[in-house]
Amino acid sequence: MSTIPITKRGAELLKEELQRLKHIERPAVINAISEARAQGDLSENAEYDAAKEKQAFIEGRIQELEGKLAAAQIIDPSTLDVEGRIVFGATVELEDLEDGKVAIYQIVGDDEADLNSGKISISSPIARALIGKEEGDVATFSAPGGNREVEILSVNYV
């Protein structure tokens, strides 16, 4: 199995979700199954069926999270010596050369990506175009509306 790059914060969030599922959600659904079972005939018991479905989802998600954490390569960009180049985990300030809009993004793993909070996936076209570039460089990437160019205003490692 190949490693999955993830930021330190992203790994913490996955661990928190795993703990919540194991210690809160799993016991709650086991209790719900027991209560539904106590109501008698299971063949027509909607509460029992719903609880079993939820249990299957929780167990699947626990396995998925454990697999991701086992394969995770936690990268802390503040400890890397990259001489100002953009790498995984870097936070970049960009100016769109077409409309002049400025945006700030952090390059993160696929599971952490959330455009609304300024986190873009390492596998996105813009992140792939930025990797290896430095402050002042121009990066070109393919977007749904055609090719776009952005100038890199700053690179930070936090």
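Here are some numbered notes to help you find your way around this structure, which is a predicted model.

1. Let's begin with helix α2, which covers residues 46–71. Its 26 residues should span 38 Å at 1.5 Å a residue, and the end C-alpha atoms are indeed 38 Å apart, so expectation and model agree.

2. Next, look at which side chains of α2 are hidden. The buried residues are Tyr-48, Ala-51, Gln-55, Ile-58, Arg-61, Ile-62, Leu-65, Lys-68 and Ala-71. What lies over them? The cover includes strand β1 (4–7), helix α1 and strand β2 (72–75).

3. Charged pairs are worth a look too, as the model holds 13 salt bridges. One of them links Glu-64 to Lys-68, with 3.1 Å between the closest N and O atoms. These two residues are four apart in helix α2, which means that about one helical turn separates them. Is each partner buried or exposed? Glu-64 is partly exposed at 36% relative accessibility, while Lys-68, at 15%, is buried. This pair also belongs to a wider group: salt bridges with shared partners connect Glu-17, Arg-61, Glu-64, Lys-68 and Asp-111 in one network.

4. Helix α1 (residues 8–38) has a salt bridge of its own, with both Arg-9 and Glu-12 inside the helix. The closest N and O atoms of this pair are 3.4 Å apart. Arg-9 and Glu-12 sit three residues apart, about one turn of the helix. Arg-9 is partly exposed, with a relative accessible area of 46%, and Glu-12 is partly exposed as well, at 34%.

5. A further salt bridge joins the side chains of Glu-25 and Lys-54, at 3.8 Å from N to O. Which helices does this pair connect? Glu-25 belongs to α1 and Lys-54 to α2, so the contact ties together parts that lie 29 residues apart in sequence. Glu-25 is partly exposed at 22% relative accessibility, and Lys-54 is partly exposed at 44%.

6. Now for the strands. Strand β3 (residues 91–96) pairs with strand β4 (residues 102–108) in the antiparallel sense, over five bridges. Across this pairing, Glu-95 has Val-102 of β4 as its bridge partner. The two strands make a hairpin with five residues between them, and Gly-100 in the turn has a positive phi of about 75°.

7. Strand β4 has another neighbour to look at: β5 (residues 119–121), with which β4 pairs in the parallel sense over three bridges. Here Gln-106 stands opposite Lys-119 of β5.

8. Finally, turn to the nonpolar interior. The largest nonpolar core contains 15 residues, and Ile-86, Leu-94 and Leu-130 have the most contacts inside it. At least two residues of this core come from each of β3, α3 (125–130), β6 (138–143) and β7 (146–156). Which element gives the most? That is α3, with four residues.

9. Leu-94 is a good residue to click on. Leaving aside residues up to four places away in sequence, Leu-94 touches Lys-101, Val-102, Ala-103, Tyr-105, Ile-126, Leu-130, Val-150, Glu-151, Ile-152 and Leu-153. There is also a second, separate core of 13 residues, which includes Leu-14, Ala-51, Ile-58 and Ile-62. Of these, Ala-51, Ile-58 and Ile-62 appeared in point 2 among the buried residues of α2.

How values were computed:
Residues numbered from 1 in each chain as written. Predicted model: local features only at pLDDT ≥ 70, side-chain atom pairs only at ≥ 80, totals over all residues. Heavy atoms only, no water. Salt bridge = Lys/Arg side-chain N within 4 Å of Asp/Glu carboxyl O. Buried < 20%, exposed > 50% of the residue type's maximum accessible area, 1.4 Å probe, protein only. Expected span 1.5 Å × (residues − 1). Contact = heavy atoms within 4.5 Å. Pairing = 2+ DSSP bridges. Core = buried A, V, L, I, M, F, W, Y, C linked by side-chain atoms within 4.5 Å.
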